[in-house]
Each structure stands twice: as structure tokens, then as C-alpha cells.
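Biologist: Mind walking me through the voids and charged contacts in this one? I'd like the reasoning along with the answers.

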Amino acid sequence: MTADRLSVDLPGLDSLARKLESIRSTMNATRSTLEHYRGQLGSVEIENALGDFEHDWSDGRKKIDDNANKLATMASDSARALRQVDTDLATNLNRASQPTDEGVAET
């Protein structure tokens, strides 16, 4: 970014939003993932420990999920709003650079 220009990585904001949504989805699928491997983890104690962990961290997961959702929404909304501002500025600059009919004598 130069001193007189604002630069925003809009594809980066879009990518961040998608990655956060992917993280949320994966994180929220832990219960079904554990259920999928039930009986394959070696012992009942391991399965119980994983089940207890998954259950006990649900409050923390909820906070992470809420914050990741808010951040993903902010990133996506920001990219959309900045694209609209860019489009509006370009439109207004193009209009301002067009010659006007003012001062042209009619024949």
C-alpha cells in the first residue's frame, strides 16, 4: 500500500470467510466423527474419554463457533461492501470524466 492509496485484499477476505466456515463445520462435526469410529478406537476407556472430552468442551466450542461465525460474516460483508464502493466510485468517476453538453451552442 502506498501512502495515498487504500488497498484491501478482497479475495483474501473471501478466502478467510470460507476457511472460517470450513473450520466451524469441521469443529461442529466432532460428535458424528467420534460416532463413526465407535468400536474402532481400541478400548471402551478411550471411547469414553473422547466422548467425555467432546461433551465437556461444548461450551468452549460454542464460543469459538459464535466468534468464527461473526468473523466470517464480517469478512464476507466487508468484501461485498468494498466491492460495491469500488463499483460506485468507478461509475461516478466515469460520469465525471464524460464531457457535458453545457456550453455547447445550439444551431
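What follows is a short run of questions and answers on pockets, a surface patch, a cavity and salt bridges.

Modeller: Quick caveat before we start: this is a predicted model.

Biologist: Fine by me. Which helix gives the largest share of the lining of the largest pocket?

Modeller: The lining is made up of Leu6, Ser7, Val8, Leu10, Leu82, Val85, Asp86 and Leu89. Four residues of that lining come from one helix, spanning residues 58-97. That makes the answer helix α4.

Biologist: How many nonpolar residues are in that pocket lining?

Modeller: Sort the lining by class and you get one polar and one charged residue. Ser7 and Asp86 are among the lining residues, and Ser counts as polar while Asp counts as charged. The nonpolar count is six.

Biologist: And how much space lies in the largest pocket?

Modeller: Leu6 and Leu89 are among the residues around it. The volume of the largest pocket comes to about 180 Å³.

Biologist: Is Leu6 buried or exposed?

Modeller: Leu6 sits in the segment before α1 (10-28). Exposed means over 50% relative accessible area. Leu6 has 72%, so the call is exposed.

Biologist: What accessible area do Leu6, Val8 and Leu82 have together?

Modeller: Those three form a nonpolar patch on the surface. Leu6, Val8 and Leu82 also appear in the lining of the largest pocket. Together their accessible area is about 270 Å².

Biologist: Over to the cavity, then. Which helix gives the most to the lining of the largest cavity?

Modeller: A search of the whole structure turns up one cavity of 30 Å³ or more, and the largest cavity holds about 50 Å³ of space. Its lining consists of Leu34, Arg38, Leu41, Glu47, Leu50 and Gly51. By class, that is three nonpolar, one polar and two charged. Three of the lining residues come from one helix, residues 44-56, namely helix α3.

Biologist: Two of those names carry charge. Which residue forms a salt bridge with Glu47?

Modeller: Side chains of opposite charge can pair when their charged atoms come close. For Glu47 the N to O distance is 3.2 Å, inside the 4 Å cut-off for a salt bridge. The partner also has a salt bridge to Glu35, again at 3.2 Å. The residue is Arg38.

Biologist: Is Glu47 buried or exposed?

Modeller: Arg38 is partly exposed at 43% relative accessible area, and Glu35 is partly exposed at 42%. Buried means under 20%. Glu47 comes in at 13%, so Glu47 is buried.

Biologist: How far apart are the closest N and O atoms of Asp77 and Arg80?

Modeller: Both residues lie in helix α4, three residues apart, about one turn of the helix. Asp77 is partly exposed at 39% relative accessibility, while Arg80 is exposed at 52%. They form a salt bridge, with those atoms separated by 2.7 Å.

Biologist: Last one: how many salt bridges does the structure hold?

Modeller: We've met Asp77 with Arg80, and Arg38 with Glu35. There is also a network of salt bridges linking Glu21, Arg24 and Asp65. Over the structure, the total is eight.

How values were computed
Residues numbered from 1 in each chain as written. Predicted model: local features only at pLDDT ≥ 70, side-chain atom pairs only at ≥ 80, totals over all residues. Heavy atoms only, no water. 1 Å grid on protein atoms, 1.4 Å probe; cavity = no way out; pocket = protein on both sides within 12 Å on 5 of 7 lines; lining within 4 Å. Points joined across faces, edges and corners; volume = space filled by probe spheres on them. Helix = DSSP H or I, 4+ residues; strand = E, 2+ residues; numbered from the N terminus. Patch = residues over 30% accessible without salt bridge, like charges linked within 9 Å, V, L, I, M, F, W, Y side chains within 5 Å. Areas by Shrake-Rupley, 256 points an atom, 1.4 Å probe, with all protein chains shown as cover. Salt bridge = Lys/Arg side-chain N within 4 Å of Asp/Glu carboxyl O. Buried < 20%, exposed > 50% of the residue type's maximum accessible area, 1.4 Å probe, protein only.
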